[in-house]
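Please take a careful look at the structure below before reading on. The paragraphs that follow begin with a single residue and then widen to the whole chain.

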Amino acid sequence: MKKASFPLRVGLIGCGNISNAYFHGAAPFADYVRITACADLDPSRAKAKADEHQVAKVCTVSELLKDPDIDIVLNLTVPKAHAEVNSAILRAGKHAYCEKPFSLSTKEGRKVLALAKKSKRQVGCAPDTVLGGGIQTCRKLIDDGAIGKPVAATANMVCHGHEHWHPGPQFYYEVGGGPLFDMGPYYLTSLVTMLGPAKSVIASAKSTFKTRRITSQPLNGKVIKVETPTHLSGVVEFANGASATVTMSFDVWQHHLPLLEVYGTKGSIRCPDPNTFGGEVELWTEAGKEWKKIPLTHSDQTGRGFGLAEMAYSIGKHRAARMNGDMALHVVDIMEAFHVSAKAKKQVQLKSGCKQPKALPAGLALGRVV
Ligand SMILES: NC(=O)c1ccc[n+]([C@@H]2O[C@H](COP(=O)([O-])OP(=O)(O)OC[C@H]3O[C@@H](n4cnc5c(N)ncnc54)[C@H](O)[C@@H]3O)[C@@H](O)[C@H]2O)c1
């Protein structure tokens with residue numbers, strides 16, 4: 001394979017809501033990646049983003065895939081298109097970096113990984129929030145033994161859905177949506193980053209409300225059918241012996257649950273919101289006996305684009321990216337296992353695995369990757 005010449009040129013497919021976060025987030029990593037082309041099923045969206053962010057080329061998806069000047073394609077399409085678009089990117093001989101979730105099933109995710117292997121290209125996936133200062137500081141505390149041996153964790157994303165604010169909330173209630181596939185990747189990727197791979201899941205799942213009434217505009221008053229579980233609770237066992245209680249819900253009005261905490265033999269960590277790059281980290285230890293705010297050991301100034309840049313750097317180093325497809329598939333496997341376990345009413349042993357991603361060094365400057 002020819003030597004990567006930095007910055008790698010990135011073509012973006014899917015110029016919707018989240019694309020701005022990538023245009024801004026990739027900017028500090030300009031030594032590694034530059035977004036040089038964009039495309040969308042809707043050409044007017046591609047044109048609008050190109051104008052807003054001074055992107056040199058606006059084209060169709062097929063033109064972008066054929067473009068010899070593109071090294072990596074950033075796939076920011078909707079979840080149900082992720083696997084198909086990733087496959088097209090890999091078949092075109094380019095590397096793919098995708099928004100979460102990696103796929104809607106392990107079956108389609110495995111096909112993408114097989115294609116990546118065959119084409120000798122990398123496939124990476126969000127959420128790269130785990131590379132931010134918040135989760136990396138928690139990871140360092142765990143690696144440094146601040147809480148002893150990890151015993152347990154809890155992860156809770158609990159709310160009353162998105163139909164009161166999102167302009168088009170139907171997809172949240174369709175198969176492949178729900179709180180787990182939408183938000184689970186942030187929490188589960190954080191747990192895998194901090195604790196390593198999981199080995200089993202036992203869960204229950206239900207849809208408390210069979211229909212949802214949209215109260216946001218422009219669809220105010222429209223009633224939509226709920227086609228996927230909207231309240232899931234389960235226990236995920238990790239290979240390192242820790243177990244996590246996980247609740248993902250669109251059925252709860254209010255609560256006092258922590259977002260994400262890790263408990264060890266000598267103390268506890270309160271982690272920040274895993275859907276952010278920074279946030280507050282608190283540590284309680286048996287020796288100190290009080291909660292203490294821990295200054296972040298890693299930069300919280302990063303944004304979406306870090307994972308993409310880290311993958312570009314990894315391509316140059318001929319190593320797997322931290323946010324690689326194996327880990328993304330493992331997270332899909334955990335999420336799928338919630339549904340399978342709830343249906344079968346029994347524990348599911350996971351078939352996939354992944355390496356715990358290497359921690360980032362403390363003090364890494366913004367815009368740098370190692
Ligand atoms: N919006 C957010 O706040 C947010 C945050 C984090 C992650 N995400 C994730 O980012 C992804 C995109 O979300 P969004 O909110 O930007 O969605 P969006 O609906 O605003 O944008 C998706 C864009 O992709 C285009 N598209 C869909 N299928 C395509 C295809 N096959 N080929 C080319 N273009 C296609 C659509 O035309 C649209 O412009 C999702 O996976 C979502 O989970 C979104």
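This is a predicted model, and a convenient place to enter it is proline 218, which sits in the loop between β9 (211–213) and β10 (223–225). Is proline 218 buried or exposed? Because a residue counts as exposed if 12 or fewer other C-beta atoms lie within 10 Å of its own, and proline 218 has 8 such atoms within 10 Å, proline 218 is exposed. Histidine 166 is 52 residues away from proline 218 along the chain, yet the C-alpha atoms of the two are separated by 9.5 Å.

From this loop one can step back to the overall layout, in which the chain is divided into domain 1 (8–127 + 304–323) and domain 2 (130–294). To the contact between them, domain 1 gives 11 residues and domain 2 gives 8 residues, and the side of domain 1 that touches domain 2 is made up of 6 nonpolar, 1 polar and 4 charged residues. The C-alpha centres of domain 1 and domain 2 lie 26 Å apart.

The interior comes next. In soluble globular proteins, nonpolar side chains tend to be buried together. Here the largest nonpolar core has 100 residues, and the members that touch the most others are Cys38, Ala309 and Ala312; this core draws at least three residues from each of domain 1 and domain 2. If its neighbours within four places in sequence are left aside, cysteine 38 is in contact with eight residues that can be listed as Gly11, Leu12, Cys15, Ala46, Lys49, Ala50, Val55 and Val58.Ala309 and Ala312 are among the buried residues of helix α8, which covers residues 306–317. Since 10 of the 12 residues of α8 are buried, this helix is largely enclosed by the rest of the structure. The buried residues of α8 pack against the strands β1 (8–13), β2 (33–39), β4 (72–75), β5 (95–98) and β6 (123–125), and also against the helix α1 (19–26). At 1.5 Å a residue, the 12 residues of α8 should span 16 Å, and its end C-alpha atoms are indeed 16 Å apart, so the two values agree. After α8 comes histidine 318, whose phi is positive, near 55 degrees.

What surrounds the ligand? There are 19 residues around the ligand, and the closest are Gly14, Gly16, Asn17, Ile18 and Glu99. Sorted by class, this shell holds 10 nonpolar, 4 polar and 5 charged residues.

Notes
Residues are numbered from 1 along each chain as its sequence is written. This is a predicted model: local features need pLDDT of at least 70, side-chain atom pairs count only at pLDDT 80 or more; totals for chains, interfaces and linings use all residues. A nonpolar core is a set of buried Ala, Val, Leu, Ile, Met, Phe, Trp, Tyr and Cys residues joined through C-beta atoms within 7 Å. A residue is buried if 20 or more other C-beta atoms lie within 10 Å of its own, exposed if 12 or fewer, and partly exposed in between; C-beta atoms are placed from the backbone. Domain bounds come from an automatic or database domain assignment. Two residues are in contact if their C-beta atoms, placed from the backbone, lie within 7 Å. Helices (H or I, at least four residues) and strands (E, at least two) are DSSP runs, numbered from the N terminus. The expected span of a helix is 1.5 Å times one less than its number of residues. A residue is near a molecule or strand if its C-beta atom, placed from the backbone, lies within 6 Å of it. Ala, Val, Leu, Ile, Met, Phe, Trp, Tyr, Cys and Pro count as nonpolar, Asp, Glu, Lys and Arg as charged, and the others, Gly among them, as polar.
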